[in-house]
Amino acid sequence: MKIIILGAGRVGSSVAESLVNEANDITMVDIDHERLSILQDRLDLRTVVGNASYPSVLVDAGAMDADMILAVTEHDETNLVACKLAASLFNTPTKIARIRSTEYLKNPEIFSDEIFSVDYAISPEQILTEYIEKLIEFPEALQVLDFAMGKVSMVAVRALQGGALIGQQLQELRKHIPNVVIRVVAIFRKDRPIIPEGSTTIQEGDEVFFIAATDDIRKVFRELRNMDRPVKHVMIAGGGRIGRRLSRTLENDYQIRIIEHNPKACEMLASELNNALVLNGDATDELLLESENIAEMDMFCSLTNDDENNIMSALLAKRLGAHRVIALITRGTYVDLMQGSGIDIAISPAQVTIGSLLAYVRRGDVAAVHSLRRGAAEALELVAHGDEKSSKVVGRKIEDIKLPRGAMIGAIVRGLPKYEGTWRERLVTDIDTVSDDLIRDAQVIIAHHDTVIQSDDHVILFVINRKMIREIEKLFQVNVAFL
């Protein structure tokens, strides 16, 4: 695909790196010449210096024959104008805009053809908020990812001493959890992948990825490791976009304390939040943390705009007794360094967000994509179409499908309601408007060797190496004659 990425920040750079590695023709646009030079030295892409909302700059970037415009600058207005120009002047097929303001997101009609012509609106802050919310709901997990309208979850968990499965083979799972069907789709041991088989033994320290019906996740945790105490007390460092959103989301279910150094921002937070305690101060101040009973906190989330502050405040909170700490870290090298440190979970905003963007780039009917293991692995939800003659997967047992080694089908969801209309109507018609009864009646099938895939099944796969993606996409493509 010929893709123009507007904005060379963390999100744009991460997406560019991922797409370049998949042999796409990428052009990056930004007003910062130095930032573009660094990217061009590192990646095989073309760069254009200029304002992303100027028609002449879009022409220089090749908008006349681009397949996709990905507008991810830090300014919503620039992204919206760029999408409108791409539609009106260049008839670009796909236009994606990064939108940060809730004012725009609350009024999805502005994305219509008549106004800004945005096909997909991505809100990194909202994606991050939902991601962290899941980690608070399941404090034992390293990652919790939803698929198939929430019917299925893929969870990464660290196998710790005391768990019932330590030292036992995967084929013994059914004996330990007789009333729950799960599938382990990957194991990472000392950062090296192990393809799970029936005889594979889980060892202490293993990072285990498993798939199960969302309703069964807690039962599985009890077997893989000792259950953490439920989260009741949460302290959040940073009252910016993410900290504010998260506080607003959690304040009715948890006891929230939020630390913000800017007095004016504190006043705004206090006026917006009803059940959260807002504190003016520095999250790296040991005396402040101790005075606010940091040792009683079940979860400490460091979400400021400064990596160093997030790292230091999280490490300090952990040393002072916080049960579990999360740090938001934008620099990829810092994320890698924090693995195995006192920080329980280091979150890379770009890696959390990139999956939402990749879903629109993948070939075939892709419902969801999640980037895992700092971009090395991937989890996908693809919808199977066609029949036995036109498809390489429909009507076939899983054992007969020629998946590349290291790719595994974890679950199938059958009977989900179909979205009607265009992708833009999917955006405007939010999933919340889909009947709960229709979603509830959908069938979750944990994959076995003899499971047969049917047309319209949502197939959830784990791919241990992202280089296999093209091969998997080809498997799910429908013969042209069928169309």
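1. A first point of entry into this predicted model is the pairing of V234, which stands opposite I256 in strand β13. These two residues belong to a wider pairing, in which 5 bridges join β12 to β13, residues 255–260, and the two strands run parallel. Between them the chain passes from β12 through helix α9, residues 241–250, to β13, and this β-α-β crossover is right-handed.

2. Strand β12 also pairs with strand β15, residues 299–302, through 4 bridges, and these strands too run parallel. Within this pairing A237 stands opposite S302 in β15. As for its surroundings, β12, which spans residues 233–237, is mostly covered, with 4 of its 5 residues buried.

3. Helix α9, which carries the crossover between β12 and β13, deserves a separate look. Its buried residues are I242, G243, R245, L246, S247 and L250. An α-helix has 3.6 residues a turn, so residues three or four places apart point the same way. The buried residues of α9 pack against the strands β12, β13, β15 and β16 (325–328), and also against α5 (102–105) and α6 (124–137).

4. Which residues touch the most other members of the largest nonpolar core? That core holds 101 residues, and the ones in question are I136, M154, C301, I347 and F462. Taking I136 as the example, and leaving aside its neighbours within four places in sequence, one finds that I136 is in contact with V231, V234, L246, L250, Y254, M299 and C301. Several names here recur from the points above: V234 is the residue opposite I256, while L246 and L250 are among the buried residues of α9.

5. The aromatic pairs come to a count of 2. In one of them, the rings of F188 and F209 have their centres 5.8 Å apart and their planes at 70 degrees, and because planes over 60 degrees apart count as edge-to-face, the pair is given that description. F188 lies in strand β9 (residues 182–189) and F209 in strand β11 (residues 207–213), so this pair ties together parts that are 21 residues apart in sequence. Both F188 and F209 are buried.

6. The rings of F209 and F462, by comparison, have their centres 5.2 Å apart and their planes at 50 degrees, so this pair is tilted. The pair links distant parts of the chain, with F209 in strand β11 and F462 in strand β22 (residues 458–463), 253 residues apart. Both F209 and F462 are buried, and F188, F209 and F462 together form one aromatic cluster. It may help to recall that F462 was also named among the core residues that touch the most other members.

7. Turning to single residues, is E381, which lies in strand β19 (residues 377–383), buried or exposed? With a relative accessible area of 3%, E381 is buried, because the cut-off for that class is under 20%. Not counting residues up to four places away in sequence, E381 touches F147, A148, D365, V366, A367, A368, H458, V459 and I460.

8. S391 lies in the loop between β19 and β20 (407–414), and S391 is likewise buried, with a relative accessible area of 3%. The side chain of S391 reaches the backbone nitrogen of V393 at 3.1 Å, and that side chain also reaches the backbone nitrogen of V394 at 3.1 Å. Beyond residues up to four places away in sequence, S391 touches H385 and R396.

9. D32 lies in the loop between β2 (25–30) and α2 (33–42) and, at 30% relative accessibility, counts as partly exposed. A polar atom of the side chain of D32 lies 3.0 Å from the backbone nitrogen of E34. D32 and A327 are 295 residues apart in sequence, and in space they are 28 Å apart, C-alpha to C-alpha.

10. Two residues other than glycine may be checked for their backbone angles. Phi of D191 is near 70 degrees, a positive value; D191 sits in the loop between β9 and β10 (192–194) and is exposed, with a relative accessible area of 52%. Phi of D456 is near 75 degrees, also a positive value; D456 is found in the loop between β21 (443–446) and β22, and at 28% relative accessibility D456 counts as partly exposed.

Conventions: Residues are numbered from 1 along each chain as its sequence is written. This is a predicted model: local features need pLDDT of at least 70, side-chain atom pairs count only at pLDDT 80 or more; totals for chains, interfaces and linings use all residues. Side-chain values use heavy atoms; hydrogens and water are left out. Buried means under 20% relative accessible area, exposed over 50%, partly exposed in between (1.4 Å probe, protein chains only). Two strands pair if DSSP finds at least two bridges between them. A crossover is right-handed if, with the strands pointing away from the viewer, the path from the first strand over the helix to the second runs clockwise. A nonpolar core is a set of buried Ala, Val, Leu, Ile, Met, Phe, Trp, Tyr and Cys residues joined through side-chain atoms within 4.5 Å. Contact means heavy atoms within 4.5 Å. Rings of Phe, Tyr and Trp (its six-membered ring) pair if their centres lie within 6.5 Å; planes under 30 degrees apart count as stacked, over 60 as edge-to-face and the rest as tilted. A polar contact is a pair of N or O atoms within 3.5 Å; within protein, one must be able to donate a hydrogen and the other to accept it, and residues adjacent in sequence count only if both atoms are side-chain atoms.
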